[in-house]
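Thank you for making time for this. I would like to walk you through one protein chain, and I would ask you to keep the structure in view while I talk.

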Amino acid sequence: MTRFIHDKFAKDYLEELLKDYGEVKASEKVSGEIKEIDVLFTPSKQQSSNIQILGLLGRFAQQPAIIEPYRNPASTDEICDCILKLLEIKALLRREAKANKTKLQDSEIPQLWVFTPTISETRLSSFGTMQKAGWLSGVHFLPDALRTAIVAIHQLPQTPETLWLRLLGRGNVQSQAIIELQALPLDHPYQKATLELVYNLRENLRVNQELEADDRELIMRLEPLYQRDREQAKEEGRQEGRQEGRQEGRQEGRQEGKQDLILRLLNRRIGEIDTSLIERIKGLSLAQLENLGEALLDFYSVADLETWLNQQLI
């Protein structure tokens, strides 16, 4: 079953994107028979304006959130299980507020976001969902008291605002999102880390013997991007190495040229000097050689040179 591979990718991916904006708890356990919440997010008290870079996902993260991503279309029972998790968390918060003799504010109760690639109109109707003004198509809200929305990823418009959600889609939707991700500027704060997570997903899927058609297609679509990125990384490494080599070469060339000039000036000033002194001069740094070039104008003998060299060791 590749579902667990995709589940881990979704949790790691959401944690990577949201960790700068608050506390992220993946696979958070709750009491009762409910097993665990996929992602429980608590925003920082001082919300960063940078969260807008995550588009619609950033809008979800402006308040406490429970995020339940599904690789396959979420069933009625699965959505109900998610709502039960939300109610369990709400009950826990109420008990804590009562113990602390405080009032639980609505803003402290998480909003549940159920991510599903697709969902039928019949299923949406069974939950009494509605579209809210100011929200994109594909975001279906349950009645307000339930603090729940079903996000049909394949119904979202193909815009930069939805990119970070469409990456959790399937088939062509996910593939197109990966292409858009790869086309982001290299200095984008989430491009490199997200691509690495996608490539890790590719590697984990490749070793699995029971792949679905979508997974095989995903691997095929990722292969040229993966190879291109690896070649680009190698070329950048080679260019960096050449650049460092040129810089080192220029540094060494300046050093050697300075040494030759200093030795010629010393020979003219105080006569030929022995090999041991030449070796000591060659061991000087470029800055020391420049200082020696000024000091030698006051030399009258080899003793003056020796005195100056000895002072460099102090």
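I will begin with the chain as a whole, then turn to a strand, the cores and two helices.

Please bear in mind throughout that what you are looking at is a predicted model. The protein chain contains 11 helices and six strands, and of its 314 residues 41% count as buried. The chain exposes about 17,700 Å², of which carbon and sulfur atoms supply 49%. If we take the contacts between residues at least 6 apart in sequence, 61% of them join residues at least 24 apart.

Let me now take you to strand β6, which covers residues 148-152. How many of its five residues are buried? The count is five of the five, so the strand is largely enclosed by the rest of the structure. Thr148, Ile150 and Ala152 point one way from β6, while Ala149 and Val151 point the other way, and all are buried. As background, the side chains in a regular strand alternate between the two faces of the sheet.

Strand β6 has a partner in β4, residues 111-116, with which it pairs in the parallel sense over five bridges. It also has a partner in β5, residues 139-141, and here three bridges join two strands that run antiparallel. β5 and β6 form a hairpin with six residues between them, and in that turn Arg147 has a positive phi of about 45°. Within this second pairing, Val139 has Val151 of β6 as its bridge partner.

On the β4 side, the residue I would pick out is Val114, which belongs to that strand and stands opposite Ile150 in β6. Is Val114 buried or exposed? It counts as buried, because its relative accessibility is 0%. Setting aside neighbours within four places in sequence, Val114 is in contact with Glu68, Tyr70, Ala74, Ile79 and Cys82, and also with Ala149, Ile150 and Val151. Val114 and Val139 are 25 residues apart in sequence, and their C-alpha atoms are 9.7 Å apart in space.

That brings me to the nonpolar cores. The largest has 46 residues, and those that touch the most other members are Tyr13, Leu54, Leu57, Phe60, Trp113, Phe115 and Trp164. Helix α1, residues 3-18, gives the most to this core, with seven residues. Apart from it lies another core, of 18 residues, and among them are Tyr70, Ile89, Val114 and Ile150.

Returning to the largest core, let me stay for a moment with Trp164, whose contacts, leaving aside neighbours within four places in sequence, include Tyr13, Leu17, Ile53, Leu54 and Leu57, as well as His188, Tyr190 and Thr194.

Thr194 is also one of the buried residues of helix α7, and others there include Leu195, Leu197, Val198, Tyr199 and Leu201. This helix, residues 191-206, has 16 residues and reaches 22 Å from its first C-alpha to its last, close to the 22 Å expected at 1.5 Å a residue.

Finally, I would point to Glu180, which lies in helix α6, residues 171-182. Why does Glu180 count as buried? The reason is that its relative accessibility is 19%, and the cut-off for buried is under 20%. Not counting residues up to four places away in sequence, Glu180 touches Gln158, Leu163 and Arg166.

Terms used. Residues numbered from 1 in each chain as written. Predicted model: local features only at pLDDT ≥ 70, side-chain atom pairs only at ≥ 80, totals over all residues. Heavy atoms only, no water. Helix = DSSP H or I, 4+ residues; strand = E, 2+ residues; numbered from the N terminus. Buried < 20%, exposed > 50% of the residue type's maximum accessible area, 1.4 Å probe, protein only. Contact = heavy atoms within 4.5 Å. Areas by Shrake-Rupley, 256 points an atom, 1.4 Å probe, with all protein chains shown as cover. Core = buried A, V, L, I, M, F, W, Y, C linked by side-chain atoms within 4.5 Å. Pairing = 2+ DSSP bridges. Expected span 1.5 Å × (residues − 1).
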